[in-house]
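Hello,

Here is the structure I promised to pass on. Please open it first, then read the notes below alongside it.

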Amino acid sequence: MTREIDFSRFLLFDGGMGTMLQTQGLKTGELPESYNLLHPEIIEHIHGGYLAAGADIITTNTFGANRYKLSQYGYNVDEIVTGAVQIARRAAKEKLVALDIGPSGQLMQPYGTLSFDQAYSTFAEQVIAGAEAGADLILIETMSDVYEAKAAILAAQENSDLPVIATMTFQPNGRTLTGTDPLTMVNIVQGLGVKALGLNCSLGPKEVLPLIEEILKYAKVPVMAQPNAGLPKVVLGKTVFNVGPEEFAHYAKIMAQMGVTILGGCCGTNPNHIKAIKKELAGLRPVERKIEKITAVSSFADTVVIGSGVTIIGERINPTGKKQLKEALRRGDSDYILHQAINQRDAGAHILDVNVGLPEIDEKAVMVDIIEELQSIVSLPLQIDSARAEVIEAAARRYNGKPLINSVSGKQQEMEALFPLVKKYGAAAVCLTLDEDGIPAKAEERLQIAAKIVKTAQQYGIDKEDLIIDCLVLTASAQQSQVKETIKAVALVKEQLGVKTTLGVSNVSFGLPERRLLNRTFLAAALAARLDAPILDPLDEDMAETVRAFGVLWGHDQDAADYIAAYGGVEKRPAPSAEPSEMDLRTAIINGIREEAPAKTKELLQQLSPLAIVDQYLIPALDIVGRRYEQGEIFLPQLIQSAETVKKAFGVIKQHLVENQGASTAVDKGKILLATVRGDIHDIGKNIVKILLENYGFQVIDLGKDVPEEDIVRQVKEHKINLVGLSALMTTTVRSMENTIRALKEEGLPCKVMVGGAVLNSEYAQLIGADYYGRDARAAVKIAQGFFG
């Protein structure tokens, strides 16, 4: 039976488990979760320490208890998870037990090999075992990929009735490894129905305060914080964390006063930290937070807040009236659609409508494929547009973000079919002011339908902030009198319901000449009536100009900065092309259009040597992408897509060299050995580094994960390696990195060592004797380029 949990009061979680196990004898390379079976008394002792310190909730020793990790040690999920819950249950007595679920350790598609369904089934195994064993709630933690977090949350909610809390881990730049910022995390994770959310690990309590502030601003559910006790340092040969209990509790109190109600610790914290927090919280009461209610949709990395200006929803990925797009859909030409997305993004679209509804294709399968391809190329939020509920559900499930669903009408049957999906997947919805009787002629009647929709949605638990009302545009050629009614309805809906509005603008001009003139005039009138998010063709320069001008006149464009940037020059800039333009190899790499690369490379091989292509196209393009990544303009998925596009080009070049054995030109920029050190099986970071290094022309010898020091030394000798890259993600294995560096030096090998990992910094890298510290894959490439010249 599920126990009721009072989230209205302070809840105190426990602290670190891995670092506590180290103090209890866990050796490098040992599986922490194996202690559930081999040394249950130690796990129970650690739980007891946290409970005695005042923890309300203890966390099971199951952070890495997934099929991928356990199978390497000969254990299965059920025995490890069941054992862990039984120990915690025994220790907790009347206190609560949280089933701990960490990341799978695999990279998700498209930049890794783990599919969404595989991630889901992996987490479902853990959930089922933990729920059956008697856990009271599920804690999904240390997630660095919001897509993986989504798979875990859905697995938890669909395979148990336990409350779910989800926390993600952020880097010093304020984003997760894959580029999610705090607002985007809240917008996506909250929508999926968790009971609480927040952050944990990676940073210390002082460093997380700005992130906490941002989360508290938007989270409607309770907020949780479990920072590290600082970053690890080496003192007299031992790894220590530099934030003691009193300092940690000082910041915990600040967080509580800001509005955090669920507190605890992560790596480096122990019962003394929890005891200190308990003391600081004594006498405090949870503060009432002022939450910003926003209408927002998100990709994995970007959130578009609707209502702060004119939000353009790009309409070009919709086959209605588009012969070339229909043909592309029929022949499965996704490149054509990706081009359309890139062109719309570059022309200023904020959200992209995606509609693939043709009767002669499998709409559901095509929609899912297109959604997955688009979300790996562009970081704009997507609008899922279909008349079929099963298509909408499949797309919403696979979408890595908070989508906009288009559309739900005021028909009772349609609301009953679609609102549960909007709620389940945490989407926003475009709602049409029509019902069983069709589209009303009068604006007041459309307002009535909108009011009914808002009321019905609220019955499904959907806030009105997640609704965008479409008052429906009828053609001026056939229903001229209706044009004014639509404009009037927009104003009424805004004024009386306080919800955001949208219109498919170009519908107004069907059947008339000079459509662009009518479209832009209608758009101006609708914007003046407070239209928020027009659906239009962003490549239509007339529309774009109207939006820019409106931005100045209505004060959205502060100091007319955007307007001046667009028109301040002496020449009017050319209108963007309506159809996808021809891309050269460099542009294809920058945009991550993989399928373009082989043909473009073959063309270039007719004119240039392989090395010239590498030096003039591949590396300059990757450098541009790298700079954008460093500047926060793009994020890890796009960086990987560009690297994978280079990989395609390299494949053609290598094949060319094989077929021309006399060729003396090589593309090898240098040989690098990579390894994740002994005891660490999380090699996501190392794999990302490998992808980038290879695509910059370096030869990489990848020894994989959990590699003993002696193996690394042997391979360095055998392959005559001059540059070694070592990775460690976990605090429990950073010592192995130091041991490996020492082993290389003791052998007198002339190689240099670069290190990287989530718990490392430059100071720690220096302390353990590394020659270089790479904070991310881009930094590793720069180190390699500098090293090899």
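D711 and R714 join their side chains in a salt bridge, with N to O at 3.4 Å. Keep in mind throughout that this is a predicted model. The two residues sit 3 residues apart in helix α27, so about one helical turn separates them. D711 is partly exposed, because its relative accessibility is 27%. R714 is partly exposed as well, at 42%.

Helix α27 takes part in another pair. R678 and E709 form a salt bridge of 2.8 Å, N to O. This pair links distant parts of the chain, 31 residues apart. R678 is in the loop between β21 (671-676) and α26 (684-695), while E709 is in helix α27 (residues 709-719). Is E709 buried or exposed? E709 counts as buried, because its relative accessibility of 11% falls under the 20% cut-off. R678 has 26% and counts as partly exposed.

Just ahead of that helix, look at D706. D706 is in the loop between β22 (699-702) and α27. Its phi is near 55 degrees, a positive value in a residue other than glycine. D706 is partly exposed, with 27% relative accessibility.

Now the wider salt-bridge picture. The count comes to 37 salt bridges. One of them pairs D463 with K220, at 2.7 Å from N to O. D463 lies in the loop between α17 (443-459) and β18 (467-470), and K220 in the loop between α9 (209-218) and β7 (223-226), so the bridge ties together parts 243 residues apart in sequence. Both ends are partly open to the outside: D463 is partly exposed at 33%, and K220 is partly exposed at 36%. There is also a network of salt bridges, which links R516, R520, D540 and D542.

Next, a helix pair. How do α3 and α5 cross? The axes of α3 (residues 40-53) and α5 (residues 77-92) come within 9 Å and cross at roughly 40 degrees. The two helices are therefore oblique to each other. Angles under 35 degrees would have counted as roughly parallel. The crossing is right-handed. On the α3 side, the residues in contact are P40, I43, E44, H47 and L51. They meet I87, A88, R90, A91 and A92 in α5.

K93 is worth a look while you are there. K93 sits in the loop between α5 and β3 (96-101). Like D706, K93 is a residue other than glycine with a positive phi, near 55 degrees. K93 counts as exposed, because its relative accessibility is 60%.

One helix I checked for length is α14. Its 15 residues (363-377) should span 21 Å at 1.5 Å a residue. The end C-alpha atoms are 21 Å apart, so the model agrees with the expected span. Which residues of α14 are buried? They are E363, M367, V368, I370, I371, L374, Q375, S376 and I377.

Last, a backbone detail. The peptide bond from N406 to S407 is cis, with omega near 15 degrees. S407 is placed in strand β16 (residues 404-409).

Best wishes

Methods: Residues numbered from 1 in each chain as written. Predicted model: local features only at pLDDT ≥ 70, side-chain atom pairs only at ≥ 80, totals over all residues. Heavy atoms only, no water. Helix = DSSP H or I, 4+ residues; strand = E, 2+ residues; numbered from the N terminus. Expected span 1.5 Å × (residues − 1). Buried < 20%, exposed > 50% of the residue type's maximum accessible area, 1.4 Å probe, protein only. Salt bridge = Lys/Arg side-chain N within 4 Å of Asp/Glu carboxyl O. Axes fitted to C-alpha atoms, helices over the stretch in contact; angles between N-to-C directions. Parallel < 35°, antiparallel > 145°, perpendicular 65-115°, else oblique. Left-handed = near helix turned anticlockwise from the far one by under 90°. Contact = heavy atoms within 4.5 Å.
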